[in-house]
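Visitor: Hello! I would like a close look at a single part of this protein, with its surroundings explained step by step.

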Amino acid sequence: MSSSEEQAADGKLKMLCLHGFLQNGNILRMRIGSMRKGLKSRVHFQFHDAPFHAASTLTEQQIKEVGGSSEGLTWFQWSDLGPDKRPSLAVKYSNWDTTYASLCDALRQQQPDGLFGFSQGATAAALFLAALQTAQRQGRDLDVPLPKFCIVCAGFLPRDPEYAALLESAKVDVPTLFVMGQSDALIPPARSHALMDTFDQRTADMFEHPGAHMVPTCSGEFKQQMVAFLGRFGSRAAGSVSVGSSLDSLDNTATADAEQEAVAAAAGKL
């Protein structure tokens with residue numbers, strides 16, 4: 001029996017996790033250890049790396065200013081950056097098609113039931129759902145499973161007008177739990193609320209924690225809400241829904257805010 005078959009047989013949900021800016025799947029795996037432990041009887045956690053190295057767009061100095069390294073990854077690239085312009089201020093992005101194709105491949109190969117995204121990865125997940133649902137509603141055919149749920153942690157509404165418009169027009173109705181920190185200085189709650197407002201409010205839930213730019217410890221009230229939310233989707237035996245094909249090529253992608261764990265330090269650099 002293959003690993004995929006074993007996971008299907010044990011009845012656990014499969015959740016594909018998308019890391020933040022200047023991270024990768026292995027880093028996110030380590031940083032959500034509490035969640036993996038708290039939900040291990042319910043969820044198989046999967047991870048997927050962003051397709052771009054930040055160094056392909058940013059200068060070495062810009063990467064250092066946001067506390068990263070040249071090996072850091074990004075879901076988006078920028079087309080309006082200068083040597084003195086931070087990613088958080090950019091409004092023009094490029095090569096979203098590459099990210100979209102990468103996520104489609106991940107869905108085909110790993111066949112997750114749902115998505116989890118942190119910070120830039122949360123915004124990428126939201127955009128991906130918007131693209132999938134737009135294609136679905138246009139009647140396009142492609143063997144890409146529409147995730148049954150999504151968890152958006154510290155996500156933000158893109159500054160790029162085209163991608164904000166994509167989210168606003170799609171009104172994603174995939175059940176989504178928005179998680180945000182009341183003390184998040186990097187992605188203030190208002191920006192997470194702005195992203196949440198583009199979703200269908202009938203299928204959007206929210207959890208606010210008192211912390212900063214982080215995935216909260218999976219205990220107490222947060223664990224209770226996660227268990228209740230995930231419990232709505234049963235086992236993966238129910239399968240996923242196939243949706244329409246990819247959107248046509250887009251020239252711009254969503255804004256990506258530079259992120260790091262040391263919020264106090266980051267707040268002074270944005």
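Leaving aside its neighbours within four places in sequence, which residues is His48 in contact with?

Guide: Happy to take you there, and please keep in mind that this is a predicted model. Leaving aside neighbours within four places in sequence, His48 is in contact with Leu16, Cys17, Leu18, His19, Trp75, Ser102, Leu103, Ala106 and Gln110. For one of these partners there is a polar contact to report: the side chains of His48 and Ser102 are joined at 2.7 Å. As for exposure, His48 has a relative accessible area of 16%, and because the cut-off for buried is under 20%, His48 counts as buried.

Now let us place this residue in the fold. His48 belongs to strand 2, which spans residues 43–48. Lying across strand 2 is helix 5 (residues 96–110), which also lies across strand 1 (13–18) and strand 7 (114–118). The angle between helix 5 and strand 2 is about 145°.

From here we can follow the sheet. Strand 2 is part of an open sheet of six strands, paired in parallel in the order 2-1-7-9-10-11. Strand 2 and strand 11 form the edges, each pairing on one side only. On average, and with direction ignored, neighbouring strands of this sheet are turned by 20° against each other.

Moving along that order, we come to strand 9 (residues 149–153), which runs parallel to strand 10 and is joined to it by four bridges. Here Cys153 stands opposite Val179 of strand 10. Strand 10 (residues 176–181) in turn pairs in the parallel sense with strand 11 (residues 204–209), over six bridges. Within this pair, Phe178 faces Met206 of strand 11. To get from strand 10 to strand 11, the chain passes through helix 8 (residues 189–196), and this β-α-β crossover is right-handed.

Finally, a word on confidence, which you will want before using the coordinates. The average pLDDT for the protein is 83, and 79% of the residues score at least 70. Residues 1–7 stay under 50, and the model gives them seven contacts beyond four places in sequence. The stretch 237–270 also has pLDDT below 50, yet in the model it has 131 contacts beyond near neighbours in sequence. Where pLDDT is low, the predicted coordinates should not be read in detail.

Note on methods
Residues numbered from 1 in each chain as written. Predicted model: local features only at pLDDT ≥ 70, side-chain atom pairs only at ≥ 80, totals over all residues. Heavy atoms only, no water. Pairing = 2+ DSSP bridges. Helix = DSSP H or I, 4+ residues; strand = E, 2+ residues; numbered from the N terminus. Right-handed = clockwise from strand over helix to strand, strands pointing away. Buried < 20%, exposed > 50% of the residue type's maximum accessible area, 1.4 Å probe, protein only. Polar contact = N/O pair within 3.5 Å; in protein donor to acceptor, adjacent residues only side chain to side chain. Contact = heavy atoms within 4.5 Å. Axes fitted to C-alpha atoms, helices over the stretch in contact; angles between N-to-C directions. pLDDT = per-residue confidence, 0-100.
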